[in-house]
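Reader: I'd like a close look at one acidic residue here, and then a stroll through the charged pairs. Could you keep it chatty?

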Amino acid sequence: MNKDNENIDKIIISEEQIKEKIAQLGNAISSDYEDKSPLLIGVLKGAFIFMADLIRAIPIDCEVDFMAVSSYGAATKSSGVVRIIKDLDLDLTDRHVILVEDIIDSGLTLSYLRKNLLARKPASLEICAMFIKKDLQKAKIECKYEGFFIPPEFVVGYGLDAGERFRGLNYLAEYKVE
């Protein structure tokens with residue numbers, strides 16, 4: 001992967017800032033779920049890097065599962081139409097669930113997922129998001145574990161991509177859309 005692409009404009013959040021935030025989120029989750037074994041559900045593909053780092057930062061026992069959804073296709077803006085591409089393997093009934101998301105922009109995908117997961121009767125459902133775009137939410141989302149609030153620009157890195165590229169960057173950068 002060529003990380004020196006002319007479309008990568010500026011670093012918004014450094015690797016060090018990301019590591020600090022993950023440690024904070026891991027501590028908060030382990031404190032809240034001290035006597036429970038939460039199920040972390042990662043939203044693919046973007047959340048896989050965050051999820052891997054997050055679970056290592058949570059010193060209590062956790063389980064993981066993944067969902068894959070699409071609301072972007074090949075576009076740089078969400079279409080608002082959500083399709084489940086891969087559903088969960090585990091039953092959520094009476095489980096303490098944390099939905100782990102890479103980024104919240106419009107909030108429409110997350111709103112859909114939240115309703116879908118609540119219908120599966122978990123004991124509790126909370127949201128953990130690494131990046132939240134400022135002032136773009138079209139749906140009200142209650143996110144208990146918040147990472148960074150970022151400008152409403154198209155971003156890549158730390159799991160986020162542009163046409164499947166740049167996910168492996170260890171920082172978050174603004175991507176200039178041509």
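Leaving aside neighbours within four places in sequence, which residues is glutamate 174 in contact with?

Author: Sure, and bear in mind that the model is predicted. Glutamate 174 touches Asn7, Ile8, Asp9, Lys10 and Ile12, and also Glu153, Phe154 and Val155, once you set aside its neighbours within four places in sequence. As for where glutamate 174 sits, look at strand E9, which covers residues 172-175. With a relative accessible area of 14%, glutamate 174 counts as buried, because the cut-off for that label is under 20%.

Now for the charged pairs. Side chains of opposite charge can pair when their charged atoms come close. Searching the whole structure turns up 11 salt bridges, and here are a few of them.

Take glutamate 63 and arginine 95: they form a salt bridge whose closest N and O atoms are 2.9 Å apart. Glutamate 63 belongs to strand E3 (residues 63-70), while arginine 95 is in the loop between strand E4 (83-86) and strand E5 (96-104), so this pair ties together parts that are 32 residues apart in sequence. The two partners carry separate labels: glutamate 63 is partly exposed at 34% relative accessibility, whereas arginine 95 is buried at 17%.

Next up is arginine 120, which forms a salt bridge with aspartate 87, and there the closest N and O atoms are 2.9 Å apart. This pair, too, links distant parts of the chain, 33 residues apart: arginine 120 is in the loop between helix H3 (108-118) and strand E6 (124-133), and aspartate 87 is in the loop between E4 and E5. Arginine 120 is partly exposed at 21% relative accessibility, and aspartate 87 is partly exposed at 36%. Notice that the E4-E5 loop comes up in both pairs, holding arginine 95 as well as aspartate 87.

Last, have a look at arginine 167, which forms a salt bridge with aspartate 161, with 3.2 Å between the closest N and O atoms. This pair is part of something wider, since salt bridges with shared partners join Lys45, Asp161, Glu164 and Arg167 into one network. Within that network, arginine 167 is buried, with a relative accessible area of 12%, but aspartate 161 is partly exposed, with 21%.

Key
Residues numbered from 1 in each chain as written. Predicted model: local features only at pLDDT ≥ 70, side-chain atom pairs only at ≥ 80, totals over all residues. Heavy atoms only, no water. Helix = DSSP H or I, 4+ residues; strand = E, 2+ residues; numbered from the N terminus. Buried < 20%, exposed > 50% of the residue type's maximum accessible area, 1.4 Å probe, protein only. Contact = heavy atoms within 4.5 Å. Salt bridge = Lys/Arg side-chain N within 4 Å of Asp/Glu carboxyl O.
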